[in-house]
Amino acid sequence: MRPARPLVGGLAAAVLLLSACTSSPTETTGGPVAEGFVAVADDSIESSGTFSAYLDYDTVEPNGLDPRSADTARSWTIMGLSYETLVNVDENFTITPGLATSWEQVDDTTYVFELRDDAVFSNGRPMTAEDVSGSIDLLLESGSAWSLQLGPVESAEVTGDLEITVTLSSPYAAFLSSLANTPAAVLPVQEIEDGSVDITTEMVGTGPFVATSHVQDESWTFEKNPDYWGADALGIDALEIEIVPDEANRLAAIRDGSADYAFFNNADALDLLAGTANVAAVTQQNTDYYYLIANSTDPDSPLADERVRLAVNAAIDRAQLSELALGGQGLATGVTPTTLPGSCDPADLPSAQLSDDEIRALLADAGAEDITLSLTTWNSETAPGQIAQIIQQQLEPFGITVDIEIVDDATYGAAFYGSEDTAAADLGISWYAGYGDPAMVSRWWNTDTAQFTARFMSGSDELNGLVVEASETAAGDDRDAVLSDLCAEVDS
């Protein structure tokens, strides 16, 4: 069966040093929907049938379907259909139960988790405490990006039939939030260790669906996991996912009813669906953001001078970027996503205090009154290229010429994350997922640990120290002050 009203999801990103999204989502065929995450249900769906979803891209991970190394949004979305995590994050960024029914923070570095007694892997084996503790060990051993986000875990030990105790080597305020994303999923450790399950090629989780077929970059078929603890409330029997990179084709699928759900990155897509019969088009805030890479590691680049970097930063009109590139859906942000509680106020950033005359004075003082900068970004989404063109126009009055190159994702990745000593361009448009705690994404600015930034970011002892301090300080006024200092250090 097919629901009567196709649902369209659109999540605009924030822009760091440029522009999180609207503070509340809107619906083109009715009033505003609930604050927070998309939570629009079609009551016409009965407890049977197949749901059709159109997504923009497939999992693109070097280790296949291994959730530990998943680092793209669609991988998290798709893998999250089969895998579950210990805890979840709700629309208010509150930690809620997942495979852990409850937990206690005994002290600054000790957490005790009580586990569900009805969680069953899709191969029919009940989940054990050994699977949970072993999954944490496997994530740490993987050396993946998310092993850094998991924080300073010293041990994860089984301390009861359905209980584990995690000990940290130092306080980490975002630890629970770090457990709530797909890379921290609970895995079938017994089968991984005996070799009967290869998690790079198959997904065996405790989640609601089981992947029964997959053609890379074309389609997925998921069927309901009969052993899922919440199977009776799923509402559908199967999920068909089509991978459709072209937004026009996803628009057409919603209009002709061949898709029940489609995701869009271009804010204009939702405007184009306004008034379409039997379609609910929803946009909302999230914590992801676009940011401008200013390559400080190339000694021959004007951006090697911090005065030039600050001038470029200050010359960018974030409000105009949001209006022209993100359909007015973006909000200015600092390094901590502005939509998260406790994040710094972008109006207080050093770059926000400079006048046009002060920007020109900075450039003159640096001997950079007439310079050319190269800017590279990727072409799989429309917004990065649009952001680049607007930045080009905004910097021109300050004597800065920007040469833009828009390339495929692989070429972009090689330009900024390849093996050379410095990135292949002066500037880049990139993005980070903002996660559920303001101290998490800032960890990518710690050059002592996030070494993938070394090709375009020199970092500093002060910055790295602030990242660590923000991670170790409990949420509240003290951490808010640290985050403000951290944002200012990154901004300037």
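Me: Are Glu191 and Arg125 buried or exposed in this model?

Reply: Both residues, Glu191 and Arg125, are buried. Keep in mind that this is a predicted model.

Me: How do you know that Arg125 is buried?

Reply: The relative accessible area of Arg125 is 14%. Buried means under 20%, so Arg125 meets the cut-off and gets the label.

Me: And what makes Glu191 and Arg125 a salt bridge?

Reply: Their side chains meet at 2.7 Å, N to O. The rule asks for a Lys or Arg side-chain nitrogen within 4 Å of a carboxyl oxygen of Asp or Glu, and therefore the pair qualifies.

Me: Why can one say that the pair of Glu191 and Arg125 ties parts of the chain together?

Reply: Glu191 belongs to helix 5, while Arg125 sits in the loop between strand 8 (110–115) and helix 2. The parts they tie together are 66 residues apart in sequence.

Me: Which salt-bridge partner does Asp131 have, and at what distance?

Reply: The partner of Asp131 is Arg125, at 3.0 Å, N to O. That value is within 4 Å, so this contact also counts as a salt bridge.

Me: Why is Asp131 called buried?

Reply: Its relative accessibility is 2%. With the limit at under 20%, Asp131 is therefore buried.

Me: How do you know that Asp437 and Arg479 form a salt bridge?

Reply: Again the distance decides: 2.9 Å, N to O, between the two side chains. The cut-off is within 4 Å, so the pair passes. Asp437 lies in the loop between strand 20 (427–432) and helix 13 (438–441), and Arg479 in helix 15 (residues 477–491), which makes this a link between distant parts of the chain, 42 residues apart. Both Asp437 and Arg479 are buried.

Me: Which residues are joined into one network by salt bridges that share partners?

Reply: Arg125, Asp131 and Glu191 make up that network. For the whole model, the rule gives 10 salt bridges.

Me: What makes the surface patch of Asp137, Glu141, Glu193 and Asp194 negative?

Reply: Asp and Glu count as negative, so a patch formed by Asp137, Glu141, Glu193 and Asp194 carries that sign. Two elements, helix 2 (129–142) and helix 5 (189–194), each give two or more residues to the patch.

Me: Why is Glu141 called exposed?

Reply: Glu141 has a relative accessibility of 62%. Exposed means over 50%, so the label fits. This residue is in helix 2.

Me: Is Ser133 buried or exposed, and how do you know?

Reply: Ser133 has 7% relative accessibility, under the 20% limit, so it is buried. Its place is in helix 2. The C-alpha atoms of Ser133 and Leu187 are 9.8 Å apart, with their positions 54 residues apart in sequence.

Me: What is notable in the phi of Asn278?

Reply: Phi of Asn278 is near 60 degrees, a positive value in a residue other than glycine. Asn278 is in the loop between helix 7 (267–272) and strand 15 (280–284). At 51% relative accessibility it counts as exposed, because the cut-off is over 50%.

Me: How does Tyr435 stand, buried or exposed?

Reply: Tyr435 has a relative accessible area of 14%, under 20%, so it is buried. Tyr435 is not a glycine, yet its phi is positive, about 65 degrees. It lies in the loop between strand 20 and helix 13, where Ala433 is also found.

Me: Why is Ala433 called buried?

Reply: A relative accessible area of 6% is under the 20% limit, so Ala433 is buried. Its C-alpha is 12 Å from that of Ala145, 288 residues apart along the chain.

Me: What makes Ser177 count as buried?

Reply: The value for Ser177 is 11%, under 20%, and therefore the residue is buried. Ser177 is in helix 4 (residues 175–178). Gly436 is 259 residues away in sequence but 5.8 Å away in space, C-alpha to C-alpha.

Me: Which residues have the most contacts inside the largest nonpolar core?

Reply: They are Leu86, Phe113, Phe175 and Trp445, in a core of 119 residues. Another core, of 13 residues, lies apart from it and includes Tyr54, Val244, Ala259 and Leu273.

Technical notes:
Residues numbered from 1 in each chain as written. Predicted model: local features only at pLDDT ≥ 70, side-chain atom pairs only at ≥ 80, totals over all residues. Heavy atoms only, no water. Patch = residues over 30% accessible without salt bridge, like charges linked within 9 Å, V, L, I, M, F, W, Y side chains within 5 Å. Areas by Shrake-Rupley, 256 points an atom, 1.4 Å probe, with all protein chains shown as cover. Charge placed at Lys NZ, Arg CZ, Asp CG, Glu CD. Helix = DSSP H or I, 4+ residues; strand = E, 2+ residues; numbered from the N terminus. Buried < 20%, exposed > 50% of the residue type's maximum accessible area, 1.4 Å probe, protein only. Core = buried A, V, L, I, M, F, W, Y, C linked by side-chain atoms within 4.5 Å.
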